[in-house]
Amino acid sequence: MTRRYLILMGAPGAGKGTQAARLAQEWELCRISTGDLLRAAVAAGTSLGQRAEAIMASGDLVSDGLILELVEEELDRESCSRGAVFDGFPRTLEQAIGLGDLLERRGCAVEQVIVIEVPDSEIVRRLSERRVCESCEKLYHLSFDPPGDDGRCTACGGGLRRRPDDEPDTVLRRLEVYREQTQPVIDYYANERGASQTGVATVDGSRSIDEVASDIRERLAVVEAER
Ligand code: AP5
């Protein structure tokens, strides 16, 4: 069986997590979110979590070496045997090159990069109203994708919380870091080493969640047809 590896890229709050969860379910792939993995390490109080916590709260990036170790561990899980949707990874050129090496050693490559584009003003609006279930991590937006009438998670009844890095000053820093360190990764896949085997498509992420999902589906259907 050919394993499939897709990358969802975009600024903080662009909707990567929302779309990656749907895509992973529809395509029966695992979702590898480095942000979720780091938050789980922080919650569990591991030494990695202790190192990552302050960096994440400031909006800066955790070191490439730690991130690549985390991803390698995930890639070898049984749940990822059909492939993966990467959400929030790779975020630097070093991570993109490292991912290429990890996949090459497994006889695979990144198949498609989907870039979700959303204006900054919308990003700030989205992150200020984002809430996350404390138990199952399901995402909500108080206006666009609200929880139940009781204000609790519709999937598991858990309480909702705001992410500490969604404070306005930290969001601005995350946007800055995205422009400086992550946008070059898109050029890398579009123009450099990745271009021979990896497709790059951009979708307008400012539309509704369902519209963005169906646009991504259409882009991937084209890729599927060309395989
Ligand atoms: P991470 O958790 O990856 O955060 P991020 O990339 O900043 O992205 P977000 O999770 O904030 O947003 P998203 O694009 O997933 O949007 P979402 O779907 O939630 O990383 C956090 C931190 O961890 C980093 O700052 C860094 O410190 C560290 N880190 C993580 N990965 C790393 C790596 N590889 N290297 C180094 N450090 C790393 O949507 C946002 C909100 O909008 C939600 O409320 C949602 O319901 C709503 N929404 C989504 N789509 C729509 C839509 N179409 N219309 C209206 N509302 C929408």
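**Figure 1. Helix α2 gives the largest share of the lining of the second largest pocket, five residues.** Welcome to this predicted model, which we will tour in a handful of close-ups. The pocket in this view, the second largest, has a volume of about 330 Å³. Its lining is made up of 13 residues, and those closest to the centre are R39, V42, M56, R161 and P164. Two helices, α2 (34–44) and α3 (47–58), each contribute at least two residues to the lining. What classes of residue line the second largest pocket? Six are nonpolar and seven are charged, with no polar residues in this lining.

**Figure 2. One cavity of 30 Å³ or more is found in the structure.** Rolling a probe the size of a water molecule over the atoms is a way to see where empty space is left. In this close-up, the largest cavity holds about 50 Å³ of space. Its lining is formed by Q19, R22, L23, E26, A213, I216 and R217. Two helices each give two or more residues to this lining: α1 (16–27) and α8 (209–226). Which helix supplies the largest share of the lining of the largest cavity? That is α1, with four residues. Sorted by class, the lining of the largest cavity has three nonpolar residues, one polar residue and three charged ones.

**Figure 3. Five strands form an open sheet with parallel pairing.** Strands of a sheet pair through backbone hydrogen bonds, and the pairing can be parallel or antiparallel. Reading across this sheet, the order is β2-β3-β1-β4-β8. The edges belong to β2 (30–33) and β8 (199–204); each of these has a single partner strand, so one side of each has no neighbour in the sheet. From one strand to the next, the twist averages 20°. Look next at the pair β1 and β4, which run parallel and are joined over five bridges. If you would like one residue pair to find here, start from I7: its bridge partner in β4 is V113.

**Figure 4. Three strands form an open sheet with antiparallel pairing.** The strand order in this sheet is β6-β5-β7. Which strands stand at the edges of this sheet? They are β6 (139–141) and β7, each pairing on one side only. Strands β5 and β6 run antiparallel and are joined by three bridges. To follow the pairing at the level of residues, take V132, whose bridge partner in β6 is L139.

**Figure 5. R4 and E111 form a salt bridge between distant parts of the chain.** Side chains of opposite charge can pair when their charged atoms come close. In this pair the distance from N to O is 2.4 Å. R4 sits in strand β1 (residues 4–10), while E111 lies in the loop between α5 (93–105) and β4 (112–117), and the two are 107 residues apart. Are these partners buried or exposed? R4 has a relative accessible area of 9%, so R4 counts as buried. E111 is buried too, with a relative accessible area of 13%. The model has 24 salt bridges in total, and the next two views show others.

**Figure 6. D166 and R130 meet in a salt bridge.** Here the closest N and O atoms are 2.9 Å apart. D166 is in the loop between β7 (160–161) and α7 (168–191), and R130 is in strand β5 (residues 130–133). This pair also links distant parts of the chain, with the two positions 36 residues apart. The relative accessible area of D166 is 1%, so D166 counts as buried. R130 is buried as well, at 13%. Widen the view a little and a network appears: R130, R163, D165, D166 and R174 are linked by salt bridges.

**Figure 7. R77 and E73 form a salt bridge.** The closest N and O atoms of this pair are 4.0 Å apart. Where do the two partners fall on the scale from buried to exposed? R77, at 40% relative accessibility, counts as partly exposed. E73 is exposed, with a relative accessible area of 52%.

Key:
Residues are numbered from 1 along each chain as its sequence is written. This is a predicted model: local features need pLDDT of at least 70, side-chain atom pairs count only at pLDDT 80 or more; totals for chains, interfaces and linings use all residues. Side-chain values use heavy atoms; hydrogens and water are left out. A salt bridge is a side-chain nitrogen of Lys or Arg within 4 Å of a carboxyl oxygen of Asp or Glu. Buried means under 20% relative accessible area, exposed over 50%, partly exposed in between (1.4 Å probe, protein chains only). On a 1 Å grid over the protein atoms alone, a cavity is a set of points where a 1.4 Å probe fits but cannot get out, and a pocket is an open set with protein on both sides within 12 Å along at least five of seven lines; lining residues have an atom within 4 Å of a point. Grid points are joined across faces, edges and corners, and a volume is the space filled by probe spheres set on the points. Ala, Val, Leu, Ile, Met, Phe, Trp, Tyr, Cys and Pro count as nonpolar, Asp, Glu, Lys and Arg as charged, and the others, Gly among them, as polar. Two strands pair if DSSP finds at least two bridges between them. Axes are lines fitted to C-alpha atoms, for helices over the stretch in contact, and angles run from 0 to 180 degrees between N-to-C directions.
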